[in-house]
Amino acid sequence: MSILGRVVATERKPNTPHEFHFWTALDSPVGIGTIVKVVSAQPVSGALPVVYGVVVEGFGYTDVETPLHEVLGYDGEPGGDLGAPTRRTEIRLYSAAVLRHVPEEPLQPVSMGTVHLASDEDVAVALRMDGYLTPGANTGIPVGLYRSGATASPVYLDADFLLGPEAAHLNISGVSGLATKTSAVEWLLASIFAHFPEKKGRVAAVCFNVKGPDLCFLDQPAAKLDDADRALYERLDVPAEPFKDVEYYAPYTAKGYALNTLRSNEALAHNVKPLTWGLREVLQYAEVLLNKDDVDAKADALIDFIKERVVDQEFTDPKYLTSAHRVQSFGELERWFRDLLGGMEKQNAESWRTHHVATIRKVRNRLTNISTRCRGLVTDDGTVSDLPFGEFRDRAVYVVDVANLEADAQDLIFSRIVSQLREHLEKRDLGVEHVIVFVDELNKYAPSDGPDTYVRAMLLDIAERGRYLGLVLFAAQQFRSQVHRRVVGNSGTALFGRMDPDELATPGYATLSPATRTKLSTLEKGQLLVRHPHFSQPVFVRFPRPAVLSGREGVERFPQAPEQTLEEAITRALRALDNTVTLEWVKDAVALAEEEEVLRARNRTLQAKPEDVKAYFRAQLKRRVRSEATGNPPRQPLKKSPTDDPYGF
Amino acid sequence: MASTYDFAEGGTSIRDALRALKNASIPGDEPGSSIVTAAGPALELTPADTTPPRLEPVTPIEQQTNSTRSVGEPVVAFAAFLDGIQTSHAYYAEGNSTPIVHGTVAAVIRQRVNRTLHTWRSVPLISHAFHAPVALLTPRLVARFHAANIPIEDTLEPGDAPDERHPMELLALARNAVQRRREALEIALAESWTDSEKEPLFIDGGISAAGRASQSEFSVGVVKSHRTLYAAGDSLKVITGLDEGARTTAFEIRPKYRSPVASWYLRLRDARGRDPFFGLVRVEVARASFTSERADEVSRWILAERSPVSLPDKRWSTMAYGIRDCEEYLRALV
């Protein structure tokens, strides 16, 4: 073990139990983030203490007392005197933050000793990974490779502190456009799926694709994965391959023909499924969409009444309603409102069951408007196509593509899916014991300021209580300082990619040294600063390029399908169930049907997944008889009037 | 050269020595009693009673005496630099005005490899010793030194009368003794170099006392102080009027008990607007190997050492950076 440097302490720069200083040769491979080991020269209680630290600051200076001396030495000519026969004495002095003392007690200032580069084993001890990498009880999840000089040591996160129950959640910060955040999550999910111990239970991931095609090609192999990346995969023991089990969910477009996703190429359609909800599903989360300023307590009471007493049951009111109603869709709700308000008008009633007519009109307006605002997601007819709650598969990724949706619809989808996950995890019937929910642009959903929204409250709830349930939040954002502090504060693990210098100037990064902040602002692609509960100090690691096709390359390789006609859209949807369905057959089947009816038949068929797709689809359409050409009846010739007798009829 | 005392515990500092003296057991004396007390800062920081400045007539060894000549463009040639330091402190036994001086001396050769200076043979020479007029110390104190296995170097010459003397005079004797020990270390190093290496060595100071090294063609002494000026009459004007990069004609110095050397003055830096000794050094080389061409050549070597500047040392106009490096290196150790 070669000596890299020596600990030095002066009155001006004393060593403490948490920080020490050392000098090295000018050409030593030490840099910011390097992990070093100090072997003390002074025994304590009969043993030589060993201290591990990570370099957080570096200083270099010469024996020149003031810059003026250097100027004098060069006669004021910066380019002069290049041939000086001797280099000035120069020093490299580093400050390191202590990662660990061995033994831990008594905790003393770091004493004089020799400094060495940390080996693989040293890195494991320094980061306290030795506590969870024990054979038989290994809960390590590789997060990347720590590199310094000739050392390249895998760094592991503790699954118990990443996915619960000890701690949980992961937060990633980094500037946009460097593919760090999404790439890091894709890599980490692959690592979790490869290393999460089976005895800890099954794990799946639900990823919300909130922008562009970022997560649209997780099941496709990467276009380029160089030898260095493959070496990293091999070293970290993670297969360099795309995710094997991925399902995509996306609502329809407003027109309702095709799914609203950039993954619309027919070659990838096999695992893209519609995400549609009816009245019942939406009404549970109506408050997500209804503005609190708009819907007051009175309106809230009426919505509750509708949820409890009207929806999904026989509702009669002979005094005001012309008939019994069974409200199961937005269409039926609209008919119920129309009937009720008509009855009230007839009787000139101002209120119905304590609800004022103005309140009823307002609630009608807001609720029925939901299906318009979230067109494509919310169906008038109540057709539901949802994530397979209760049948989640181990190591599967469920991507919900909300990138092209309005903010309201995104909020609704997020709230409902997360709530469903939570409910099923509480009941232990989701199909897996751990679910990772990945959300990008967290500063949009859980901002540190602004109104208290349903989505933010839900994210706070996950952050604070999710780990007990196995509901784990992996969240990413550009500006961590703009995210609610309780959300980031509850993230046990934090990753930082290249950061914006302005962001680094905010108080949240004050614990990082200026040199570490500088390194963060110039970090290369594929490098991360990792903070984890077991690590006393954050460490820099390198991770491989994800083994999946990137969004940008994906849209080039799998261009978006051109806009389809109704028949083409139906053909494509039904062929996912029955590949004998042809465009000609569809054209013939829907020739006489209304567009709305055809779409409803498609939705029902997709939901039912019948054995005989064609028959089932036809059965959903109203029977119509083709008009037949009939011959004109023979015309009776008009009697001719006598030309000479005007009265002669 | 090993230190003049060494303890089983391995310590050689003045504190180690004082502790050993304090703990030394001698009959009729209480162990642990205070033996000596420190008195003031290092002696090197106080003005020394030096000989007055003087002019010394010389014997020219080049034709065209009292002339100057430009030596040409600097050439890098020195492979190493030699210098030594000393630090001494005075102590007094209780009730006794006789000073006991503890002196630490050190010397080092810093070898230049790839423009970076390294310690030649990886070790400097360091030596510690007490100096005192032993005859003027109490027998009990001398016994305590013996018991602690710490030798005292006697500052009185054999045959000197052990009369009471002025303490300042005794201090000066001790100080000279420390200086002689430092010079001994420097000579030992210089001889080691010239015995084994075949490259030029830049020695801080004169070389006439450097034993075998004074006769070596690889020894070059550079003297920065000019309390003794080897000039008289017109030659003084020549020296003080030297231009940058020019030298005087050489002369011979033949001191008593030392080796004769060839010497000349060289102006390292432009002294216009400054005192006449700014950037002025006197060079010494072995007399036997002297030629005019060699004087020019050696002068070019020295000129090359003007950079980097050895600021913030006050002697920067005449001090080579390699010599400053030797001093800094030794200060860090002593």
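Here are three short exercises on a predicted model, each with a worked solution.

Local features need pLDDT of at least 70 and side-chain atom pairs count only at pLDDT 80 or more, while totals for chains, interfaces and linings use all residues. Residues are numbered from 1 along each chain as its sequence is written, and chains are lettered from A, with ligands numbered from 1, in the order in which they are written.

**Exercise 1: chain A as a whole**

Work out how the radius of gyration of chain A compares with that of a compact globule of 649 residues.

- Start with the rule: take 2.2 Å times the number of residues to the power 0.38, with the radius taken over C-alpha atoms.
- For 649 residues, that gives a value near 26 Å, but chain A has 34 Å.
- Now look at the spans: the C-alpha trace covers about 145 × 60 × 55 Å along its principal axes.
- Last, check burial: 43% of the residues in chain A count as buried (20 or more other C-beta atoms within 10 Å of a residue's own; exposed means 12 or fewer, partly exposed is in between, and C-beta atoms are placed from the backbone).

**Exercise 2: helix H10 of chain A**

Find out which residues of H10(A) are buried and how they are arranged around the axis.

- First, a length check. H10(A) has 17 residues (357–373) and should span 24 Å at 1.5 Å a residue; its end C-alpha atoms are 24 Å apart, so that agrees. (The expected span is 1.5 Å times one less than the number of residues; helices are DSSP runs of H or I with at least four residues, strands are runs of E with at least two, and both are numbered from the N terminus.)
- Next, list the buried ones: Thr359(A), Ile360(A), Val363(A), Leu367(A), Ile370(A) and Ser371(A).
- Seen down the axis, these fall within an arc of 110°, so they line one face of the helix. The arc uses the directions from the helix axis to the C-beta atoms.
- Flip to the other side, and you'll find Ala358(A), Asn365(A) and Thr372(A) exposed.

**Exercise 3: strand S15 of chain B**

Describe the surroundings of S15(B) and its pairing with S14(B) and S16(B).

- Count first: seven of the seven residues (261–267) are buried, so S15(B) is largely enclosed by the rest of the structure.
- Sort by direction: Val261(B), Ser263(B), Tyr265(B) and Arg267(B) point one way, and Ala262(B), Trp264(B) and Leu266(B) the other.
- S14(B), residues 251–253, pairs with S15(B) in the antiparallel sense over three bridges (pairing takes at least two DSSP bridges). Here Phe251(B) stands opposite Ser263(B).
- S16(B), residues 280–286, also runs antiparallel to S15(B), joined by seven bridges. Arg267(B) has Leu280(B) as its bridge partner there.
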